[in-house]
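Let's walk through this structure together, starting from its interior and working out to its charged pairs. Please keep the sequence and the 3D view open as you read.

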Amino acid sequence: MTHFMVLPLIITAVMAPTLLLVRGQLVIQRTLSVATTALLVVICAMLMAQAATGEVTVYKMGNWDAPFGIVMVMDRLSALMITLTALLALGVLIYSIGTKWDERGAHFHPLYQFQLFGLFGAMMTGDIFNLFVFFEVLLIASYGLMVHGGGRLRTRAGVQYIIYNLAGSTLFVFSLATIYAVFGTLNMADMAAKAATLPPEDAALVRTAGAMVLLVFAVKGALLPLHFWLPNTYTHAPAPVAALFAIMTKVGAYAILRVFTLIFGPSLALTGTLFSDLLMPAALITTVIGMVGVMAGGSLARVASFAAVGSMGTLFIAIAPFTEGATVAALYYLIHSTLAAGALFLVIDMVQARRGTCALDLRAPIAQSGLVAALFFAAAIATTGLPPLSGFIGKLFVLDALRDHALAVWVWGVVLVTSLVAVVGFSQAGSIVFWKAHAVKADSTPAAPATGVALAGVGGLLALIVLMTIVAGPLTDYLTDTAAQLYAPEGYIGAVLGAEE
Amino acid sequence: MSLALIAALPFLGALLPGLMLRAGRNACATATGAVTLLALLGLLSHLPAVLRGEVVQARFEWLPMLGLNANFFLDGLGFMFAGLILGIGLLIIIYARFYLYKSDPMDQFYTYLLLFQGAMVGIVLSDNILLLLIFWELTSLSSFLLIGYWKHLPEGRQGARMALTVTGMGGLALIGGMLILGNIAGSYDLTVILENREAIQQSDLYVPALLLILLGAFTKSAQFPFHFWLPHAMAAPTPVSAYLHSATMVKAGLFLMARLWPVLSGTDLWFYLVAGAGLITMTLGAVIALFKDDLKGLLAFSTVSHLGLITMLLGMGTEIAAVVAVFHIINHATFKAALFMTAGIVDHEAKTRDIKRLGGLRFLMPVTFVIGTIAAFSMAGLPPFNGFLSKEMMLHEAAHTSTLFMVMATIAATFSVAYSLRFVFHVFFGPKRDDYPAKPHDPGFGMWAAPALLVVLVVLIGLFPKTMVGSLVATVSKAVTQTDELPYYSLALWHGVNAALIMSIIAVATGAVLLLLHKGLDRAWIAAPRPEAKEIFDALIGAITRFFSWFTDLLHDGAMSRYLAIFTAACVVIVAGAFFSADYLQGTRPMLPITNASIIGFVLIMVPTIALAFLHRNRYLSLVLMGVVGLILSVGFAYLSAPDLALTQLSVEVVTVILLLLALYFLPKETPKESSPARRTRDAVIGAGAGLGIGALMYALLRREPDNIGWYFLENSYTGGGGNNVVNVILVDFRGFDTFGEIIVLGIAGISIFAMVAALMRSAGGKRLREMAKDQVKIGDRHPLMMVVATRAVLPIAIVVGAFIFLRGHSEPGGGFIAGLVVAVAVLMQYMASGLEWAQARQRVAYHGMIAVGILTAAATGIASWFFGYPFLKSTFGYVTIPPLSKFELASAMAFDVGVFLTVLGAVMLALAELSRMGVAADPDQPVNTDPMDIVTDGGAIRSATKDS
């Protein structure tokens, strides 16, 4: 058994406390942090290359066989998710250092690595209780990051964030109890194997278990009506943290994709189309509410927060049918919206840093107005799903994949109309900040903060968006294989449980 | 040159202006022009092939799975449009060089212009309709930038947003339409779609596809009722207007209708929608144009009218009408671009575009006068200019369609004559004035060269239509209609006396009369109530924005109680719904007898829980009640034979209650009264629903016969894990990785608390904290002697107990987690007894470090197994004998447990230390005990109890 597969977990778990030991020595912390994250990008990419062959790699923690011990499983989906996480994390980290965000509070770098540990674990684990543990890790780490730097509004938003998510965790515990009572196991592959053998009179409890975990993941994924934690959290979190949170909501999406293809899959007779039927209306409403919030304005950060809600809605629209084609669209959109939201929040932070506020009020033009405006324009294009960036391709994918769905008219209507609403919202917001500002005479142009390193972070994320537009063909080949692997879970189940034989 | 390169050149070139501006404005313009010229030459290289009727192609795979590929093709239609876009684009670049003011950032302008140009070329060269959509939306975006170029002008910003909103809406509709179209045809390639007329028109989805596509085309080409955005886009610099509204942006919609003409046209719906909208737009635009005082406004509505004219021709659905449409597209582009440039010159030199402030310019600006007059006469449809030719042919077609078309077309033509003549007579004729905002004179050659070239074309095409554009029109028309043989037509000035000529004569005569009566008509027009599109649009968008804002704030009002109520209610409803949607058979596991002990236990849990709902406003009392529940829970665990859990629960309970107690110091004693009775009732219902639901679920689960993997742990705990205490072996071995995660959670919690307190102390919150503490009631003796003595005595005992619990963990109840908590409680009490400073002074290990070392120890134990060829966290054990002790077991899991111990201890202590730090901050004047036995006297001084001083 090769240990390479768990390196992302081990490296972060070792590096985070190490960074804690060298607290107070910022240069060392920054160097270690960046080097580690860059290394993680490389390792994750290698794991992705390995997973691309179709091989499902299993790592038995403590050498206990599944389903008794905890296993980490690396298939195409997990490899994709951790690679995406590492890439986003690297860009955001570089930005945080470039803008000295990491100095504004204690323990930024250890918390950051702990956060990555939680994310990687959630994306790799093959055990649903262990998934709960990693949800806790990433929740508590994200809370620490979220209140980084302090401040009244931020602390208040942080309290709401953690309370809401703890409510979700409580539900998770209840659902784990249900799962263990019904399936008698916590290993996801084993659950999948058991699910097929359960008698019809267990249908009610199986559905109950499924609905409960669906709700838990929906909280993470900010799906209506369980999205209430998101807008304030994202608005008031430090911008780099909000940017990193772009992947946090995707953990919910990932978990739904994993659990509802593997365990409560579309072919499971006991549950039928229940979860698909639950998910689709919620996804549609989420998209609407999110984009309505974009047009409602308030501040750039708030606009971006609601855009994040809206994009989660669109993502769930593509997940909801649980078909291979739609899942390919969902995966493409998932990658895109993660990078786009990350870039958007970082650009908004650049505005905030130069303007003192990102409220949509009238102020003099900011320093480097042209540069920041161009970045904002690009990020807004990506977020609203206009060409030529990947958001447009993602939306085309979604529309195309769902054309035969029973609710196709609704899907098309919602996706297209909300796109327009978002375009109007972003054009109003951008127009006030970058154009109308020129009607105001500035007393003196404020000095621009240092940009070089920070710009590399933002630019890197935007470059990734451009890249995934250009190499859309090869990328979707991988995604197609990923979806195929998800909907043929025998490979996964066999790889995990095969050791028994 | 490859078609892809032609389309890509402007995009690549868009990088140049920014770089070249450093070399000067001429270099900037030259570079931009060179890019366009290169693309134009590339295009012209295909002219022979196109005229031969060949279709040039370039194909690149991009996203085959979606059917989105970079496929380009060039036939007559594409060639004509690309030629107009690049040709007029080149003239605009020259013109703009001299038009832009010194203060205008030229590099931005040219960059936007090239982006726009590239997008337009892309539209007309795309074979793949998804690719076309990309370029289509890009024109919306780049025109947004161009229209808003003068960002300090509110009209510019508003016009840009309006254009983006309207054309963006159309673009999104077009996406829908194109996807449907592609699905019907089975391909997203135009070349395939164009061959599937039958399938498309017979499909059930033809109507929605048509409606959506037309929505896209109409919004782009400013067809009624979406015509209103175009005049407001005139806030852009004139070169932009000249480009967007003569040859490019607004023609994109026409291009689309022409491109899809073979497959979409010919149905009744097509005729009524397209020809109808065109007819209305043509007439309406012409009428409004007459009453516009802004030169560009007049031209804008004239553009609307002419776009309507072409739309109407395409809508007629006959091949001959399509030929006329093609011809008029060419003619309109030439004279309208020239007119916009003329208007720009007037504006540039006279500093006004208001017709009412102009007049008599023919002497002051003779060159401009000649150019403007020729172009305007062409627009009026006067011979011998090119506008006359296509207008005559249009009237001919209208006359042969129906009386309504004939009448409306004549009215439109009449007003065209009137506003065109007004453009000439009210600007250039009349007496010379002395109140121009600036002294007008002809501009330099650079500025009038471009329009001059265009009017030369206007005249030449008018005089020699066949020679100039005969073959082009034929080729293009064949491409539009997708036929090899066109019906007979003749491009000529004189067709004899026919209906069209008579209509023309009527139009010219009446138009001249209208101009004479203009003053009176204008007064009536101004007095007449009419809908102002911009106001309606602004009001609509404003109302929507306000409504969305109100709605969003209403929904997200920030009230945590409501969010949680929604969360709980949603969970109850959805989970219950899922349960009742399928079969359920109750389990058969027998019920346990109800014993007295269990009754007491339940009462002890339920009473405080219910009491909490009523008494929660008193924070201290709440904490006590919660403590009771936790305690009973521990007893419950013990009762159900889970001593490990009981111990853990107990120590966790103690630590949390102490920490919460300390935290309560900083909080008001009571929570504010916030809920109305109605809301409390609502919450009670939701809460009861959730509680009963969970109860029911647990009942259902517990009545099942257990069938799980638990047996494995019982069987393998000793043989595989080396411990009799299965719970501990599960924690540190079977599921050691879970524990690893959980101690990390604890560690993170500790350092997060530290970070939060640090931030709090720095911020305004720290100040409030200091203010607040003054009001607190303080106990008389901060460090009671009895307590100090007791805690000192307990400390070593507690540490020994901790060590004992730790060591026995693997086989008996205990382990690192509990040991950590026990030791933490003992140390914690030192803080309480003697204060932060006393304790800190004696603390040699930093808690941050303890957490870090703890996690690292656990991780190192896990990694160590790699060196024995096992996976992470593989444990091993053996038996050792160290005399004089008896043989005992040593498991590697013990090292792991040391990590757990350290992390737990560090995290708890860090949390405590931070709370103490806040306490010190809240009351900085408090005396510090230096000696364990120090006591504080009434006066606040410290007296040592041991050293009698």
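What follows is a short tour of cores, interface, buried elements and salt bridges in this predicted model.

## The nonpolar interior

A good place to begin is the largest nonpolar core, which has 513 residues. Its members that touch the most others are Met72(A), Ile128(A), Phe217(A), Phe264(A) and Phe740(B). Helix 18 of chain B, spanning residues 319–350, provides the largest share of this core, with 21 residues. A separate core of 8 residues lies apart from the largest one, and its members include Tyr712(B), Phe713(B), Val726(B) and Phe734(B).

Phe740(B) is worth a closer look. Once neighbours within four places in sequence are set aside, Phe740(B) contacts two residues of chain A, Ala13(A) and Phe117(A). On its own chain, Phe740(B) is in contact with Ile855(B), Ala858(B), Ala859(B), Phe872(B) and Phe896(B).

## Where chain A meets chain B

Next, the interface. About 10300 Å² is buried between chain A and chain B, and carbon and sulfur atoms give 77% of that area. Chain A brings 125 residues to the contact, and chain B brings 109. Which three residues supply the most of the area that chain A buries against chain B? They are Trp64(A), Phe68(A) and Trp435(A), which together supply 9% of it.

Polar links are found here too: 24 residue pairs are in polar contact across the interface, both residues being at pLDDT 80 or more. On the side of chain A that touches chain B, helix 6 (residues 152–183) gives the most, with 15 residues. That side of chain A divides into 83 nonpolar, 28 polar and 14 charged residues. The interface of chain A and chain B also holds 3 salt bridges.

## Charged pairs around Arg735(B)

Arg735(B) takes part in two of the charged pairings described here. Across the chains, Arg735(B) forms a salt bridge with Asp127(A), with the closest N and O atoms 2.6 Å apart. Within chain B, Arg735(B) forms a salt bridge with Asp738(B), where the closest N and O atoms are 2.7 Å apart.

Are the two chain B partners buried or exposed? Arg735(B) has a relative accessibility of 9%, so it counts as buried. Asp738(B) is buried as well, with a relative accessible area of 5%. Elsewhere in chain B, Asp293(B), Lys356(B), Arg422(B) and Asp522(B) are joined into one network by salt bridges that share partners.

## Salt bridges between distant parts

Over all chains, the whole structure has 23 salt bridges. One of them pairs Arg258(A) with Asp75(A), at 2.7 Å from N to O. This pair links parts of chain A that are 183 residues apart: Arg258(A) sits in helix 11, and Asp75(A) in the loop between strand 2 (71–74) and helix 3 (76–98). Arg258(A) counts as buried because its relative accessibility is 3%. Asp75(A), at 2% relative accessibility, also counts as buried.

In chain B, the side chains of Asp294(B) and Arg353(B) meet in a salt bridge at 2.9 Å, N to O. Asp294(B) lies in the loop between helix 16 and helix 17 (295–316), and Arg353(B) in the loop between helix 18 and helix 19 (361–364), so the pair ties together parts that are 59 residues apart in sequence. Here the partners count as partly exposed, with Asp294(B) at 27% relative accessibility and Arg353(B) at 21%.

## An enclosed helix and a buried threonine

Why is helix 7 of chain A (residues 188–195) described as largely enclosed by the rest of the structure? It is because 6 of its 8 residues are buried. Those buried residues are Met188(A), Ala189(A), Asp190(A), Met191(A), Ala192(A) and Ala195(A). Their cover includes helix 5 (128–146), helix 6, helix 11 (246–262) and helix 20 (490–497) of chain A. At the start of helix 7, a side-chain oxygen of Asn187(A) comes to within 2.9 Å of the backbone nitrogen of Ala189(A).

Our last stop is Thr283(B), found in helix 16 (residues 268–290) of chain B. With 9% relative accessibility, Thr283(B) counts as buried. Beyond its neighbours within four places in sequence, Thr283(B) is in contact with Met408(B), Ile411(B) and Ala412(B).

Notes
Residues numbered from 1 in each chain as written. Chains lettered and ligands numbered in written order. Predicted model: local features only at pLDDT ≥ 70, side-chain atom pairs only at ≥ 80, totals over all residues. Heavy atoms only, no water. Core = buried A, V, L, I, M, F, W, Y, C linked by side-chain atoms within 4.5 Å. Buried < 20%, exposed > 50% of the residue type's maximum accessible area, 1.4 Å probe, protein only. Helix = DSSP H or I, 4+ residues; strand = E, 2+ residues; numbered from the N terminus. Contact = heavy atoms within 4.5 Å. Buried area = accessible area lost by both parts, 1.4 Å probe. Salt bridge = Lys/Arg side-chain N within 4 Å of Asp/Glu carboxyl O. Polar contact = N/O pair within 3.5 Å; in protein donor to acceptor, adjacent residues only side chain to side chain. Nonpolar A, V, L, I, M, F, W, Y, C, P; charged D, E, K, R; others polar.
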